[in-house]
Amino acid sequence: MSEEQRENMQAETSSVALAELPTDVWHKCGNCEAMVYKKDFEQNLKVCPRCGYHERIGAWERLKITVDEGSFAEWDAELQPADPLNFPEYADKVRRDQNRTNLKDAALTGKATIEGMPVAIGITDFNFMGGSMGSVVGEKIARLMERAIDEKLPVFIIIGSGGGARMQEGILSLMQMGKTSAVCGRLHEAGLPYIALLTDSMAGVHASFGSLADIILAEPGALVGFTGPRVIELSLKIKVPKEHRQAEFQFQHGHIDMIVTRKQVRPTVAKILRFWYGA
Ligand SMILES: [Zn+2]
């Protein structure tokens with residue numbers, strides 16, 4: 001067999017072997033493209049063990065790794081979006097994402113404990129229309145904070161919103177920015193802390209409750225900012241470096257208090273809560 005034939009054969013064998021790799025055993029990193037053993041990847045809370053890339057995770061999964069097991073009681077679970085503008089395809093997209101995420105809209109809210117300390121918790125899910133804020137997300141965040149005031153609870157919100165305000169609900173969606181910002185103010189007046197973790201926080205979400213927390217944490221590489229690169233390039237005709245919308249840049253410029261890896265989130269929030277509770 002010639003050298004060339006041998007090489008061809010090896011190439012064929014390895015491509016067959018790759019094609020036959022069962023997808024439930026290996027995970028391909030969305031950043032460095034390394035093939036990592038799925039079990040290791042999941043044990044590492046879906047952070048790539050090679051490059052540290054934090055893969056997006058859904059609200060229920062996030063809840064599970066954040067709060068004490070069995071402590072979560074959901075609030076306002078029945079709220080679901082209307083289609084006030086009869087916007088093309090909106091109802092279909094809502095149904096699709098409801099099935100995909102097991103949520104009625106992009107926010108999950110309720111009460112739970114973290115290392116035994118009670119907290120009002122909210123999580124927005126990128127997998128539901130980019131985690132964008134329509135009437136339901138705004139209302140659930142506002143009710144979460146109002147109820148926290150009634151029950152004198154600290155608030156912790158995990159933001160996975162790359163989508164900003166939800167254009168399919170038009171002005172009703174933009175109104176949620178004012179509403180959620182106002183209730184952040186009431187929470188502040190009540191002397192209750194608001195901690196946010198940004199896993200992605202853009203546009204209308206970031207320009208309201210996303211950036212109004214007393215303590216702002218972010219996962220490494222999180223997208224944080226107001227306008228996306230395409231809009232800036234089209235409207236201002238300038239190129240903005242990619243890193244300007246990343247958590248690390250925002251941290252260096254004082255908009256974020258701390259970058260925490262996914263494994264550090266729960267102990268870090270527990271430490272802040274312990275300090276507040278004087279425990
Ligand atoms: Zn990687």
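The expected span of a helix is 1.5 Å times one less than its number of residues. Helix H5 in this predicted model can be checked against that rule. H5 has 17 residues. From its first C-alpha to its last, H5 reaches 24 Å, close to the 24 Å expected.

**The sheet**

Seven strands form an open sheet with mixed pairing. Their order is S3-S4-S5-S6-S7-S8-S9. Strand S3 (73-74) and strand S9 (258-259) are the edge strands, and each pairs on one side only.

The table lists three of the strand pairs, with one pair of facing residues for each.

| Strand pair | Sense | Bridges | Facing residues |
|---|---|---|---|
| S4 (residues 107-114) and S5 (residues 117-124) | antiparallel | eight bridges | Lys-111 in S4 and Ala-120 in S5 |
| S7 (residues 194-202) and S8 (residues 215-225) | parallel | seven bridges | Leu-198 in S7 and Ala-218 in S8 |
| S8 (residues 215-225) and S9 (258-259) | parallel | two bridges | Leu-217 in S8 and Met-258 in S9 |

Strand S8 appears twice in these pairs, with S7 and with S9. How many of the eleven residues of S8 are buried? Eight are, so S8 is mostly covered by the cut-off of 20 or more other C-beta atoms within 10 Å. In a regular strand, the side chains alternate between the two faces of the sheet.

**Helix H5 on the sheet**

Helix H5 (residues 135-151) packs on the sheet. The helix touches S4, S5 and strand S6 (155-161). The direction of H5 makes about 170° with that of S5.

Which residues of H5 are buried? They are Val-136, Val-137, Gly-138, Lys-140, Ile-141, Ala-142, Leu-144, Met-145 and Ala-148. What covers them includes S4, S5, S6 and helix H6 (170-189). After H5 comes Lys-152, whose phi is positive, near 55°.

**Helix H5 beside helix H6**

Two packed helices are described by the angle between their axes and the distance between the axes. For H5 and H6, the angle is about 10° and the axes are 8 Å apart. Angles under 35 degrees count as roughly parallel, so H5 is roughly parallel to H6.

Which residues meet where H5 and H6 pack? On the H5 side, they include Val-137, Ile-141, Met-145 and Ile-149. On the H6 side, they include Leu-172, Gln-176, Val-183 and Leu-187. By class, this contact has ten nonpolar, five polar and three charged residues. Among the H5 residues that meet H6 are Gly-138, Ala-142 and Ala-148, and these three are also buried.

Key: Residues are numbered from 1 along each chain as its sequence is written. This is a predicted model: local features need pLDDT of at least 70, side-chain atom pairs count only at pLDDT 80 or more; totals for chains, interfaces and linings use all residues. Two strands pair if DSSP finds at least two bridges between them. Helices (H or I, at least four residues) and strands (E, at least two) are DSSP runs, numbered from the N terminus. Two residues are in contact if their C-beta atoms, placed from the backbone, lie within 7 Å. Axes are lines fitted to C-alpha atoms, for helices over the stretch in contact, and angles run from 0 to 180 degrees between N-to-C directions. A residue is buried if 20 or more other C-beta atoms lie within 10 Å of its own, exposed if 12 or fewer, and partly exposed in between; C-beta atoms are placed from the backbone. Angles under 35 degrees count as roughly parallel, over 145 as roughly antiparallel, 65 to 115 as roughly perpendicular and the rest as oblique. Ala, Val, Leu, Ile, Met, Phe, Trp, Tyr, Cys and Pro count as nonpolar, Asp, Glu, Lys and Arg as charged, and the others, Gly among them, as polar.
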